[in-house]
Each structure stands twice: as C-alpha cells, then as structure tokens.
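Dear colleague,

I am handing over the structure below, together with some notes on what was found in it. Please read them with the coordinates open beside you.

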Amino acid sequence: MAQDTRPLALVTGASTGIGYELAKCCVQNGFDLAVCADEPQIKEAAAELRALGAQVEAIEADLATIEGVDKFIAAAQRMNRPVEALLANAGRGLGKGFLDQDFADVRHVVDTNITGTLYLIQKIGRDMRARRSGKILITGSIAGLMPGTYQAVYNGTKAFLDSFSYALRHELNDTGVTVTCLMPGATETEFFERADMMDTKVGTGKKDDPADVARQGFEAMIKGDGQVVTGWQNKLQAAIAHITPSDTLAEMHRKKAQPGSAAAE
C-alpha cells in the first residue's frame, strides 16, 4: 500500500502500556499514525513504530489542556489525510484518600481523563460524522463499574467515560461512525507506579498483558462493537459489579487499593 494512501489513526497515551500496544496494532493493520503523550518517551515509541513500516507523527503535549489537544490535532492535520480511527487512550490515575490528595493532581486526572478526551473526540468526531466514516475507541475501565475507595477520582472519571461512550455511540447511529469502549482491568503498565500505588494489593498483584488488552480492544473497534471487557476474570468482575450493592463494592475496592494493603497479603 502506498504510504500516502494508508489510513490514518490517532492514538493518545501512546508512549507506553496499552496506548503503545494499540499503536502497534494500528501499524500492523495498515495504518499510519499520529501519536501523542505528555512525556518524552513518545519520541522513542514513535521510532519503534516507524521501524514497523508506518509513517508516524509524534507530539509531546499535555492532553489535560485545550492547547495540548490543539497541538496534537495540528500535528495530525500535517499528515494531509482524514482520520479513520481515533483511539482515545490517554489517562492518569491517582491513589490514596481523596482528602489527602493535592487538588492540582486531582484536577490533572479529571482534565486528562475527561476534559481533554472529550475535546479531542468532539473535534475529530465532527469531521468523521461529516464524512460518514470513522471508528472511535475510548479506553474506559471496569473501574468505572465500582466506587473506587482510595481511587475515588480515577474510578469516577472512568465511570464517566464508560457511560459517555455508549451515549455517543447511540447519537452516532446510522452516521457511519462507530464508538467502542475498551474496558480493561488491572494491566501491567506504569499506571500504578505513577499513581503512587505500589504499596497496595492491586499495585503489586498479578495484572493483564497490555498487548493482549490492546489486541482485544483494536479488534472490537474494527468490528464496531459497543464494548469489550478484556480477560475472563474482568468479565466475571464486571458481571458481579452489576448485581452487588455499592457499599459492598466500595469495601471490596478498599481492601485492594488502601495504602499499605500490599503488606497485609
């Protein structure tokens, strides 16, 4: 396929973890890329992705800000082709009790996971709808199905995204644009270290392979599925969450995410 005829995919949070693996899936399936993250590692990731045969535009920008999202969109526009797939994966976590968190950190989680994500989806989604073609993948989480004791803000943002993805999907019925929500559980990435949760049971426990999570998410996006919960344990956990009282779920989450809980194992 000629380089300038390959479809274009946008992937956020693509420097490591699920986002990087999603970007690899895109390349392996014939996409060129515009990728973004808020850290310098995005340049190294882009070099690895180019080595797989794709044209890659890489931008380091803070997607918690309107300016950062605009910078990323401008970079994508330099590729001179429409966006066929948007993989909105960028996200931040935050551990410990809500009253003990710095509010600047709280706001950064909300602005990265929700505000910047929605702004990007609206800007790109409008063009997709006008062309009547496009696929959107939103990385939500099974965390959005349960009150996140000691991860209250993070779980709240994921609950928003899980709900939002289905609402947007149905607003875009019959437009040629599909929306898929990727709902992983705990995954082996830098997430827990960055969230200062390495002293917790969930932070030190067994986690899913990000490559497997990304592959399942990418395949669901291509098929136009509404959601995909990755891994049988997460599927079971999601099913249980739908029938379990919120108080019980909150207590279950406390046991996994409370600071110091790793030492109690």
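**Strand β1 and its surroundings**

In this predicted model, strand β1 (residues 8–12) is largely enclosed by the rest of the structure, because five of its five residues are buried, that is, under 20% relative accessible area. The cover extends to both faces of β1, with Leu8, Leu10 and Thr12 buried on one side and Ala9 and Val11 buried on the other.

As for its partners, β1 pairs in the parallel sense with strand β2 (residues 32–37) over five bridges, and within this pairing Thr12 stands opposite Cys36 of β2. Between these two strands the chain passes through helix α1 (residues 17–28), and the resulting β-α-β crossover is right-handed. β1 also pairs in the parallel sense with strand β4 (residues 83–88), here over four bridges, and Val11 has Leu87 of β4 as its bridge partner.

**The chain as a whole**

The chain contains 10 helices and seven strands. Its radius of gyration is 18 Å, close to the 18 Å that the globule rule gives for 265 residues, so the chain is as compact as a globular protein of that length. The C-alpha trace spans about 55 × 40 × 30 Å along its principal axes.

Of the 265 residues, 52% are buried, while the chain exposes about 12,100 Å², of which carbon and sulfur atoms supply 52%. Among the contacts between residues at least 6 apart in sequence, 68% join residues at least 24 apart.

With best regards

Methods
Residues numbered from 1 in each chain as written. Predicted model: local features only at pLDDT ≥ 70, side-chain atom pairs only at ≥ 80, totals over all residues. Heavy atoms only, no water. Buried < 20%, exposed > 50% of the residue type's maximum accessible area, 1.4 Å probe, protein only. Pairing = 2+ DSSP bridges. Right-handed = clockwise from strand over helix to strand, strands pointing away. Rg over C-alpha atoms; globule rule 2.2 N^0.38 Å. Contact = heavy atoms within 4.5 Å. Areas by Shrake-Rupley, 256 points an atom, 1.4 Å probe, with all protein chains shown as cover.
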